[in-house]
Amino acid sequence: FMAYRQSVSRNENQPDTWCAIGILYQQMAQARDSLQAYVTAVFFNQDHSATWTDLGLLYESCDQLVDAYLCYKNGLTSLHKSERDEMSFESVREILTTRLNVVEQQIQHSGGISSSMQQSRSLPTLNEAWSSLVPQHFREKYPLTELPLLQLPMSSY
C-alpha cells in the first residue's frame, strides 16, 4: 500500500494508479474508499474503460443497478480500438456488453429504473460521488465542470 501512496505523490493525476487503489480497497471490503479511488481515476481520464468496468462491478456488487448500468455504458462508450490491440479490445468489449445486458435485465425484472433507484443504497450514486468524493485540491488544480457520458438506461422500462 505504501508503494501506491508514493506513486500518488509522484503522479497524482494517473488514472491507472487510482484504479489500482480502488481495486485494493474493494478487495479489502472498503467499498466507499474504493468508490472514491475509482471516481478520482475517472476524474483524471473519463475514457479509462478499466475504471468504468471496475466501478460498475462495485456498484453491481452493492445492488445499485442503475449506477452499474451507467458505468458499463460509459466504459463501452470510452473504449477505443486505437488504445488496445484487437484481442484485448474485443475481450473488454465482450465483458462490458455482457455485464450491461445482465444489469439491464435485472433493472427490468425489478420494476424498472424508478423502482431500482428507490431501493436502499450502501454507496452514494455516481452523480453524488462525482460531486463529493473527488478531493477538492484536485478539483482546484485540474478543473472539470461535469461528469461526462452519463446516459440513463432505455426509457422503455
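Reader: Which residue follows H2, and what is the sign of its phi?

Author: Helices here are DSSP runs of H or I with at least four residues, strands are runs of E with at least two, and both are numbered from the N terminus. H2 is followed by Ala-29, whose phi is positive, near 60°. The model is predicted, so local features need pLDDT of at least 70 and side-chain atom pairs count only at pLDDT 80 or more, while totals for chains, interfaces and linings use all residues. Residues are numbered from 1 along each chain as its sequence is written, and side-chain values use heavy atoms, with hydrogens and water left out.

Reader: How many residues does H2 have, and what span does H2 reach?

Author: The expected span of a helix is 1.5 Å times one less than its number of residues. H2 has 13 residues, and from its first C-alpha to its last it reaches 18 Å, close to the 18 Å expected at 1.5 Å a residue.

Reader: Which residues of H2 are buried?

Author: A residue is buried under 20% relative accessible area, exposed over 50%, and partly exposed in between, using a 1.4 Å probe and protein chains only. In H2 the buried residues are Pro-15, Thr-17, Trp-18, Cys-19, Ala-20, Ile-21, Gly-22 and Tyr-25.

Reader: How many residues does the largest nonpolar core have, and which helix gives the most to this core?

Author: A nonpolar core is a set of buried Ala, Val, Leu, Ile, Met, Phe, Trp, Tyr and Cys residues joined through side-chain atoms within 4.5 Å. The largest one has 35 residues, and those with the most contacts inside it are Trp-18, Leu-35, Leu-55, Tyr-59, Val-103 and Leu-126. At least two residues of this core come from each of H2, helix H3 (31-44), helix H4 (49-61), helix H5 (65-78), H6 and helix H8 (126-132). H3 gives the most, with 8 residues.

Reader: How many salt bridges are there?

Author: Side chains of opposite charge can pair when their charged atoms come close. The criterion is a side-chain nitrogen of Lys or Arg within 4 Å of a carboxyl oxygen of Asp or Glu, and the count comes to 4 salt bridges. One of them joins the side chains of Glu-12 and Lys-141, at 2.7 Å from N to O. This pair links distant parts of the chain, 129 residues apart: Glu-12 is in the loop between helix H1 (2-10) and helix H2 (15-27), and Lys-141 is in helix H9 (residues 136-141). Glu-12 is buried at 17% relative accessible area, whereas Lys-141 is exposed at 54%.

Reader: Where do Arg-93 and Glu-90 lie, and how many residues apart are they?

Author: An α-helix has 3.6 residues a turn, so residues three or four places apart point the same way. Arg-93 and Glu-90 are 3 residues apart in helix H6 (residues 86-109), and are therefore separated by about one helical turn. Their side chains meet in a salt bridge of 2.5 Å, N to O. Arg-93 is partly exposed at 34% relative accessibility, and Glu-90 is partly exposed at 26%. A further salt bridge, of 2.8 Å from N to O, joins Arg-121 and Glu-128. Arg-121 is partly exposed at 42%, as is Glu-128 at 35%.

Reader: How many disulfides does the structure hold?

Author: A disulfide is a covalent bond between the sulfur atoms of two cysteines. The cut-off applied is a pair of cysteine sulfur atoms within 2.5 Å, and the structure holds 0 disulfides. Cys-62 is buried at 18% relative accessibility, and Cys-71 is buried at 0%.
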